[in-house]
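Work through these short exercises with the structure open beside you. Try each task before you read its solution.

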Amino acid sequence: MAENITGNKPSDSHQAKITLSQLNPPIFYKPLNEWLDNGTGYFETFWKRLHPHGPHPGLSDEDDSIFRLHLVQISTLEVLRRYDRNYQ
C-alpha cells in the first residue's frame with residue numbers, strides 16, 4: 001500500500017480512512033458525522049451501502065446502480081475538493 005499524505009503507510013484501507021478523519025484539517029469531518037469511529041458515520045456506512053452483499057454479489061438492477069454511481073460521484077467530488085483546497 002502506498003504512503004498516504006502524512007508520509008505513513010497504513011496497514012489497511014480502514015486505517016487509511018481513519019487517517020483521513022485525523023488530519024488537520026481533516027478530509028472526513030467528525031462534526032458533520034462523516035466519521036464517528038464507531039461504524040455509523042457517513043463514510044463508514046458509505047462503503048457498506050456500495051457493497052451490501054460483498055464485493056461480487058452479482059449484477060444490481062439499473063436503479064440501484066445509478067443510485068450508487070451518484071453516491072460515489074458526489075462523495076468523491078467533495079473529498080477531492082477538500083484535498084485540493086488543503087493539501088495541494
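**Exercise 1. A glycine in a loop**

Locate G41 and decide whether G41 is buried or exposed.

Solution. This is a predicted model. Start with the position: G41 lies in the loop between α1 (13–22) and α2 (42–50). Next, take the relative accessibility of G41, which is 0%. Buried means under 20%. G41 is therefore buried.

Now list the contacts of G41. Leave out residues up to four places away in sequence. G41 then touches N33, E34, W35 and L36.

Finish with a distance. G41 and N86 are 45 residues apart in sequence. In space they are 22 Å apart, C-alpha to C-alpha.

**Exercise 2. An arginine in a helix**

Find the helix that holds R82, then decide whether R82 is buried or exposed.

Solution. Look at the helix: R82 sits in α3, which covers residues 62–87. Then check the relative accessible area of R82, which is 3%. The cut-off for buried is under 20%, so R82 counts as buried.

Which residues does R82 contact, beyond its neighbours within four places in sequence? They are I27, F28, Y29, L32, E34 and Y87. E34 is also on the contact list of G41.

**Exercise 3. The nonpolar core**

Name the residues of the largest nonpolar core, and say which element gives the most to this core.

Solution. Collect the members. The core has ten residues: I18, L23, I27, F28, W35, F43, F46, L50, L71 and V79. Now sort them by element. α2 and α3 are the elements that give two or more residues. α2 gives the most, with three.

Zoom in on V79. Setting aside neighbours within four places in sequence, V79 is in contact with I27, F28 and F43. Why might such a cluster be expected? In soluble globular proteins, nonpolar side chains tend to be buried together.

**Exercise 4. The whole chain**

Describe the fold and the surface of the chain in numbers.

Solution. Count the elements: there are three helices and zero strands. Read from the N terminus, their order is α-α-α. Take the dimensions next. The C-alpha trace spans about 40 × 25 × 25 Å along its principal axes.

Turn to burial. Of the 88 residues, 26% are buried. The exposed area is about 6300 Å², and carbon and sulfur atoms supply 57% of it.

End with charge. The chain has 9 positive and 11 negative charges. Their mean positions are 5 Å apart.

Technical notes
Residues are numbered from 1 along each chain as its sequence is written. This is a predicted model: local features need pLDDT of at least 70, side-chain atom pairs count only at pLDDT 80 or more; totals for chains, interfaces and linings use all residues. Side-chain values use heavy atoms; hydrogens and water are left out. Helices (H or I, at least four residues) and strands (E, at least two) are DSSP runs, numbered from the N terminus. Buried means under 20% relative accessible area, exposed over 50%, partly exposed in between (1.4 Å probe, protein chains only). Contact means heavy atoms within 4.5 Å. Accessible areas come from the Shrake-Rupley method with a 1.4 Å probe; for residues, only the protein chains shown count as cover. Lys and Arg count as positive and Asp and Glu as negative; His and the chain ends are not counted. The place of a charge is taken as NZ of Lys, CZ of Arg, CG of Asp or CD of Glu. A nonpolar core is a set of buried Ala, Val, Leu, Ile, Met, Phe, Trp, Tyr and Cys residues joined through side-chain atoms within 4.5 Å.
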